[in-house]
Amino acid sequence: MKIGQYLKEGNFSISFEFFPPKTPEGEEDLFQTIKSLRAINPSFVSVTYGAGGSTRDRTRRVVERIHKETDLTVMAHLTCIAHSREELLQIIGEYKEIGIENLLALRGDRPANMPDFRPPEDGCTHADQLVRLIMENYGDWFSIGVASYPEGHPESPNMEWEIKYFKKKVEAGADFSITQMFFDNSYYYEFVDLCQKAYIDIPIIPGIMPITNFRQVQKFASMCGATIPQRLIERLEPYADSPEETLKIGVEFAIEQCLDLLENNVPGLHFYTLNKSKATLMVYEGIKEALKV
Ligand code: FAD
């Protein structure tokens, strides 16, 4: 199934994001998680890719296993920053060979521990170039998603810049987008509004992170520039050392957030699962009635 086409036909998507585990035990745990989440009947799942290319084999193996061992549609993330064009084309070609039809085309971040890092001369320095590379070589085969940032990418000086370069990815051939996590829906609504004003008309799927560990989410959020609303911090902070209370508050908040997004006719919901099923299943329980409407 091509995700872009599925969304274009007006279908609502529920999707889950996983990362490729480092150990065989981690991989087996992930496949247990996938089994639990299969009950929700997701439209697709996706597997992340290490920006330095470090997870190349692991991402590919997990993508291939999901594709061959389950009936789920799987999208492979691919970051371009550390690869030559030849390497990128090889990776993309391998995905085509095994029957993967969906790619999330990303730039990735410079490796933090390599100050002298330079992208390969003939590589792609931004995600729009990766989208173009896929379109030029395999345009008929892949549906291409790209990342979007309702609060702006940390490198973007302002939202005008953000929209300008997001539009370049769409013009290059992206047919849907998934957002960075956010906890205040007004950023998403304002972003979608700016996109509409800029004649960007691809579906923009909100990325939802149910909070299960307050300090970890604070760290992620500050790295990617996502604002955690003060009222949520005040609810979570006193229970930062209690996993049970954090889960309860995090799930309650994610349910509120998703119900509001559903009322506002979002094209889908993409859950950052961190390879665990519990919180996502609890959020699903809280929104499933609203999903039927
Ligand atoms: P780009 O679209 O290239 O944008 C990066 C910055 O450059 C922005 O500020 C943009 O405005 C600017 N820009 C874009 N094009 C140009 C241009 N032509 N000239 C000048 N400036 C430009 N990271 C991983 O390592 N692995 C993953 O699997 C992964 N999955 C992700 C999934 C989602 C849904 C999201 C939202 C992010 C994901 N990321 C992942 C993080 C992502 O790689 C980083 O946020 C990265 O810093 C930017 O990637 P991008 O594709 O958005 O880059």
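Student: Hi! Quick one to start: are Phe44 and Phe176 buried or exposed?

Tutor: Hello! Both Phe44 and Phe176 are buried. Keep in mind that this is a predicted model.

Student: Got it. How many aromatic pairs does a search of the whole structure find?

Tutor: The search turns up seven aromatic pairs. One of them is Phe44 with Phe176: the ring centres are 6.4 Å apart and the planes meet at 65°, so this pair is edge-to-face.

Student: Why is that pair said to tie together parts of the chain?

Tutor: Look at where each partner lies. Phe44 is in strand E2 (residues 44-47) while Phe176 is in strand E6 (residues 176-181), so the pair ties together parts that are 132 residues apart in sequence.

Student: Nice. And what about the rings of Phe166 and Phe191, how far apart are their centres?

Tutor: Their centres are 5.6 Å apart with the planes at 40°, so we call that pair tilted. This pair also links distant parts of the chain, with Phe166 in helix H6 (residues 159-172) and Phe191 in helix H7 (residues 185-197), 25 residues apart.

Student: You keep giving a distance and an angle. What describes a pair of aromatic rings?

Tutor: Exactly those two things: the distance between the centres and the angle between the planes.

Student: Okay! Is Phe166 buried or exposed? And Phe191, buried or exposed?

Tutor: Phe166 has a relative accessibility of 2%, so it counts as buried. Phe191 is buried as well, with a relative accessible area of 1%.

Student: Which residues form an aromatic cluster?

Tutor: Phe182, Tyr188 and Tyr189 form one.

Student: Switching topic: which ring does the charged end of Arg65 sit over?

Tutor: That would be the ring of Phe31, with the charged end of Arg65 3.9 Å from the ring centre. You can also find Lys2, whose charged end sits over the ring of Trp141, 5.7 Å from its centre.

Student: Cool. Now the ligand. Which of the residues around the ligand come nearest?

Tutor: There are 24 residues around the ligand, and the nearest are Tyr49, Asp109, Tyr149, Ser156 and Lys169.

Student: Let's zoom in on Tyr49. How far is its polar backbone atom from a nitrogen atom of the ligand?

Tutor: Those two atoms are 2.5 Å apart. For Tyr149 a polar side-chain atom is involved, and that atom lies 2.7 Å from an oxygen atom of the ligand. A polar backbone atom of Ala51 is 3.5 Å from a ligand oxygen atom.

Student: How much of the ligand's accessible area does the protein cover?

Tutor: On its own the ligand has 970 Å² of accessible area, and the protein covers 87% of that.

Student: Which helices and strands supply at least two residues each to the shell around the ligand?

Tutor: Strands E3, E4 (102-106) and E6 do, and so does helix H6.

Student: E3 is new to me. Where is His77 found?

Tutor: You'll find His77 in strand E3, which spans residues 74-79. His77 has a relative accessible area of 4%, so it is buried.

Student: Which side chain joins His77 in a polar contact?

Tutor: Ser46 does: the two side chains make a polar contact of 2.8 Å. Leaving aside neighbours within four places in sequence, His77 is in contact with several residues, including Ser46, Thr59, Leu104 and Leu106.

Student: And where is Thr59?

Tutor: Thr59 is in helix H3 (residues 56-69). Thr59 counts as buried because its relative accessibility is 0%. Setting aside neighbours within four places in sequence, its contacts include Pro20, Tyr95 and His77.

Student: Last topic, backbone angles. What sign does phi have in most residues other than glycine?

Tutor: Most of them have a negative phi. Tyr199 has a positive phi of about 60° although it is not a glycine. Tyr199 lies in the loop between H7 and strand E7 (204-208), and with 72% relative accessibility it counts as exposed.

Student: What about Leu274, what is its phi near?

Tutor: Phi of Leu274 is near 55°, a positive value in a residue other than glycine. Leu274 lies in the loop between strand E8 (268-272) and helix H11 (278-292). At 26% relative accessibility, Leu274 counts as partly exposed.

Student: Thanks, that helps!

Conventions:
Residues are numbered from 1 along each chain as its sequence is written. This is a predicted model: local features need pLDDT of at least 70, side-chain atom pairs count only at pLDDT 80 or more; totals for chains, interfaces and linings use all residues. Side-chain values use heavy atoms; hydrogens and water are left out. Helices (H or I, at least four residues) and strands (E, at least two) are DSSP runs, numbered from the N terminus. Buried means under 20% relative accessible area, exposed over 50%, partly exposed in between (1.4 Å probe, protein chains only). A polar contact is a pair of N or O atoms within 3.5 Å; within protein, one must be able to donate a hydrogen and the other to accept it, and residues adjacent in sequence count only if both atoms are side-chain atoms. Contact means heavy atoms within 4.5 Å. Rings of Phe, Tyr and Trp (its six-membered ring) pair if their centres lie within 6.5 Å; planes under 30 degrees apart count as stacked, over 60 as edge-to-face and the rest as tilted. A charge sits over a ring if NZ of Lys or CZ of Arg is within 6 Å of the ring centre and within 35 degrees of the ring normal. A residue is near a molecule or strand if one of its heavy atoms lies within 4 Å of it. Accessible areas come from the Shrake-Rupley method with a 1.4 Å probe; for residues, only the protein chains shown count as cover.
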